[in-house]
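Work through the exercises below with the sequence and the coordinates at hand, and try each task before reading its solution.

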Amino acid sequence: MYKKQMILQRIVCYLVIAAATLVFAYSLGILTDLYENNLNYYAENYYRNGADPATLMVKGSEIYYDMQGFNRDLTMAGIVMILLAASQFVFQNHNRRRYYIANYITVGVNTVAAVYYSYWALSNIFTYKERYITTLDFEALKKWNEMLKFTYTESTFWFDAGTYVFGIVLVAAVLNVLNTVWKIIVMNSEKKLVKAGKEGKAA
């Protein structure tokens, strides 16, 4: 049982850092569909003119610029999560036979970060997706893109991908906690065996 638990803890640590890296990679691509539709072009004068809707070539295209702040924060979140995941390797969560206070702290911090960032990110992603679908004038966008020979897509792939990305993050967090619980059980079992062995020798 101890051997299986040690294998799991190694896998979990790598899964946590892989999930964090996935968040960072996702942050670099989340605006892809909006960029491919050239929303940056259609809304380039929007904020230069005091957020005047009359300057929009395509209604709703300002979402591209409105998402920039969230996009930067998401990238930073990915970096923070990678560093937190790396802390598990610094404190050797992946190969320690026994866990100490620092190991429990790193598991706790990673779990809290995973839950917090998942809730925060998905709330924003769902909000922006709804806005993208309901406020962007796709008819006008298609007309302009065809006229200017730009790419046109109605895809919401990058919005939808967020559900899977943070689903993986949460699964990794749950496995991290379950592994820690199993670790505690195994450690306690080992203590009992050692104690029983000592008592047997004493007898």
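Helices, as the term is used here, are DSSP runs of H or I with at least four residues, and they are numbered from the N terminus. The model is a predicted one.

**Exercise 1. Overall fold and shape**

Task: Determine how many helices and strands the protein has, and decide whether the protein is compact or spread out by the globule rule.

Solution.
- Step 1: The protein contains eight helices and zero strands, so that reading along the sequence gives the pattern α-α-α-α-α-α-α-α.
- Step 2: For 203 residues the globule rule gives 17 Å, whereas the radius of gyration of the protein is 24 Å, well over that value, and the protein is therefore more spread out than a compact globule.
- Step 3: Taken along the principal axes, the box filled by the C-alpha atoms is roughly 90 × 25 × 20 Å.
- Step 4: As for burial, 39% of the 203 residues count as buried, and the accessible surface comes to about 11300 Å², with 64% of it belonging to carbon and sulfur atoms.
- Step 5: Among contacts with a separation of 6 or more, 81% are made by residues 24 or more positions apart. One pair of residues distant in sequence is L28 and N71, which are 43 residues apart along the chain and have their C-alpha atoms separated by 8.0 Å; L28 itself belongs to helix α1, residues 2-29, and counts as exposed at 60% relative accessibility.

**Exercise 2. Salt bridges between segments**

Task: Identify which residue forms a salt bridge with E62, and work out which parts of the chain the salt bridges tie together.

Solution.
- Step 1: With a cut-off of 4 Å between a side-chain nitrogen of Lys or Arg and a carboxyl oxygen of Asp or Glu, the count comes to three salt bridges.
- Step 2: The partner of E62 is R131, with the closest N and O atoms 3.6 Å apart. Because R131 lies in helix α6 and E62 in the loop between α3 and α4 (63-66), this pair ties together parts that are 69 residues apart in sequence.
- Step 3: R131 also meets the side chain of D66 in a salt bridge, at 2.3 Å from N to O. Since D66 lies in helix α4 and R131 in helix α6, the parts tied together here are 65 residues apart in sequence.
- Step 4: D160 forms a salt bridge with K129, with the closest N and O atoms 2.5 Å apart. D160 lies in helix α8 and K129 in helix α6, so this pair ties together parts that are 31 residues apart in sequence.
- Step 5: Shared partners join E62, D66 and R131 into one network of salt bridges. Within this network E62 counts as buried at 13% relative accessibility, while R131 is partly exposed at 24% and D66 is partly exposed at 21%.

**Exercise 3. Loop residues**

Task: For N38 and Q92, find the sign of phi, and decide for each whether the residue is buried or partly exposed.

Solution.
- Step 1: N38, which is not a glycine, has a positive phi of about 60 degrees, and its place is the loop between α2 (32-36) and α3 (39-42).
- Step 2: Phi of Q92, again a residue other than glycine, is positive and near 60 degrees; Q92 lies in the loop between α5 (68-90) and α6 (101-135).
- Step 3: Buried means under 20% relative accessible area; N38 is buried, with a value of 18%, whereas Q92 is partly exposed, with a value of 35%.
- Step 4: H94 is also found in the loop between α5 and α6, and H94 is buried, with a relative accessible area of 14%. Its side chain makes a polar contact of 3.4 Å with the side chain of N95, and, leaving aside neighbours within four places in sequence, H94 is in contact with M6, Q9, R10, C13, Q88 and F89.

**Exercise 4. A nonpolar surface patch**

Task: Name the residues that make the nonpolar surface patch, and locate L148 in the chain.

Solution.
- Step 1: Y41, M57, M147 and L148 make a nonpolar surface patch of about 340 Å².
- Step 2: L148 lies in the loop between α7 (138-147) and α8 (157-202), and L148 is partly exposed, with a relative accessible area of 31%.

Technical notes. Residues are numbered from 1 along each chain as its sequence is written. This is a predicted model: local features need pLDDT of at least 70, side-chain atom pairs count only at pLDDT 80 or more; totals for chains, interfaces and linings use all residues. Side-chain values use heavy atoms; hydrogens and water are left out. Patches are made of residues with over 30% relative accessible area and no salt bridge: like charges are joined within 9 Å, nonpolar side chains (Val, Leu, Ile, Met, Phe, Trp, Tyr) within 5 Å. Accessible areas come from the Shrake-Rupley method with a 1.4 Å probe; for residues, only the protein chains shown count as cover. Helices (H or I, at least four residues) and strands (E, at least two) are DSSP runs, numbered from the N terminus. Buried means under 20% relative accessible area, exposed over 50%, partly exposed in between (1.4 Å probe, protein chains only). The radius of gyration is taken over C-alpha atoms; the globule rule is 2.2 Å times the number of residues to the power 0.38. Contact means heavy atoms within 4.5 Å. A polar contact is a pair of N or O atoms within 3.5 Å; within protein, one must be able to donate a hydrogen and the other to accept it, and residues adjacent in sequence count only if both atoms are side-chain atoms.
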